[in-house]
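Visitor: I would like to learn how to read a structure like this one, feature by feature. Could you take me through some examples slowly?

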Amino acid sequence: MNQKELKHPFFVIIGPSGSGKTKVAEAVFPANYKVVSHTTRPIRKDEVDGVDYYFETNQQFEQLIKEHALAEHDHYHGYKYGVGVADLLEKTSNHYAFDVLTLKGFQDIEAIFGEKVIPIFLNVSKQNVLSRLNEREQDLKLINERLALYDQEAKNKESLKHYKNTYFVDADQPFEAVVNAVKQIVNNNL
């Protein structure tokens, strides 16, 4: 893959399901700074194709992989997700950018673009994850599936300790404190 360097930082928000990754990211970053990911999961009622995700069929997603158009791709909860190389380069051409990704997604992009890819891990207790999942999800099966992933997702922070510019945020504290902590990290890296 013939890659250019990122001109500005790419912040990757990582954490267990229910850690508040998406809400924190939405509160910290301008919406138009998001690198829109590709996914095969069905569109939700309030989502917009090309804004929240690029919603792809399995065949379209496989074609992106075949064309080496994705900087990373992963499976999560039975669906495929990936970040486009062109989108990443375009979003970071004039300013920093961000996305909410898995550990593998971060690692794959960092392997290509290096230290301009900055992971921010939201560390949260299992008790708070359960409470948050119960607030936002009605499907008990889905809650249990996501809770079952907690231990593995929480262990991801150990892998991140090997990266020079990793940040860990206590996501058990009040929402505003988490947002302020992430804003401080972003400001310190600009």
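Visitor: Which residues does E47 touch, not counting residues up to four places away in sequence?

Guide: Please keep in mind throughout that this is a predicted model. With neighbours up to four places away in sequence left out, E47 touches R41, P42, D52, Y53 and F55. The residue itself is found in the loop between β2 (38-39) and β3 (54-55).

Visitor: Is E47 buried or exposed, and how should I decide?

Guide: A residue counts as buried when its relative accessible area is under 20%. E47 has a relative accessible area of 16%, and therefore it is buried.

Visitor: What polar partners does the side chain of E47 have, starting with R41?

Guide: The general idea is to look for pairs of N or O atoms within 3.5 Å. The side chain of E47 makes such a polar contact with the side chain of R41, at 2.5 Å, and a polar atom of the E47 side chain also lies 2.8 Å from the backbone nitrogen of R44.

Visitor: Where is T39, and what does its side chain reach?

Guide: T39 has its place in strand β2, and its side chain reaches the backbone nitrogen of R41 at 3.1 Å. With a relative accessible area of 0%, T39 is buried. Leaving out residues up to four places away in sequence, T39 touches Y53, Y54, F55, E56, F61, Y79, K80 and Y81.

Visitor: How can I relate separation along the chain to separation in space for T39 and D74?

Guide: Set the two numbers side by side: T39 and D74 are 35 residues apart along the chain, and their C-alpha atoms are separated by 9.5 Å. For another pair, N189 and E56, the chain separation is 133 residues and the C-alpha atoms are separated by 33 Å.

Visitor: Where is N189, and which residues does N189 touch, not counting residues up to four places away in sequence?

Guide: N189 is found in the segment after α8, and, with that same sequence exclusion, it touches P9, F11, I118 and Y167. The side chains of N189 and Y167 make a polar contact at 3.1 Å. At 22% relative accessibility, N189 counts as partly exposed.

Visitor: Turning to helices, at what angle do α1 and α8 pack, and what is that arrangement called?

Guide: One reads the angle between the helix axes together with the distance that separates them. Helix α1 (residues 21-28) and helix α8 (residues 175-188) pack at an angle of about 60°, with their axes 9 Å apart, and the two helices are therefore oblique to each other. The crossing in which α1 passes α8 is right-handed.

Visitor: Which residues in α1 and α8 meet?

Guide: From α1 come K23, V24, A27 and V28, which meet F175, V178, V179, V182, K183 and V186 in α8. The residues of this contact divide into 8 nonpolar, no polar and 2 charged.

Visitor: How do the axes of α4 and α7 cross?

Guide: Angles under 35 degrees count as roughly parallel. The axes of helix α4 (residues 103-113) and helix α7 (residues 150-160) come within 10 Å and cross at roughly 25°, which makes α4 roughly parallel to α7. In this contact, L103, F106 and Q107 in α4 meet N156, S159 and L160 in α7, and the residues divide into 3 nonpolar, 3 polar and no charged.

Methods. Residues numbered from 1 in each chain as written. Predicted model: local features only at pLDDT ≥ 70, side-chain atom pairs only at ≥ 80, totals over all residues. Heavy atoms only, no water. Axes fitted to C-alpha atoms, helices over the stretch in contact; angles between N-to-C directions. Parallel < 35°, antiparallel > 145°, perpendicular 65-115°, else oblique. Left-handed = near helix turned anticlockwise from the far one by under 90°. Contact = heavy atoms within 4.5 Å. Nonpolar A, V, L, I, M, F, W, Y, C, P; charged D, E, K, R; others polar. Buried < 20%, exposed > 50% of the residue type's maximum accessible area, 1.4 Å probe, protein only. Polar contact = N/O pair within 3.5 Å; in protein donor to acceptor, adjacent residues only side chain to side chain.
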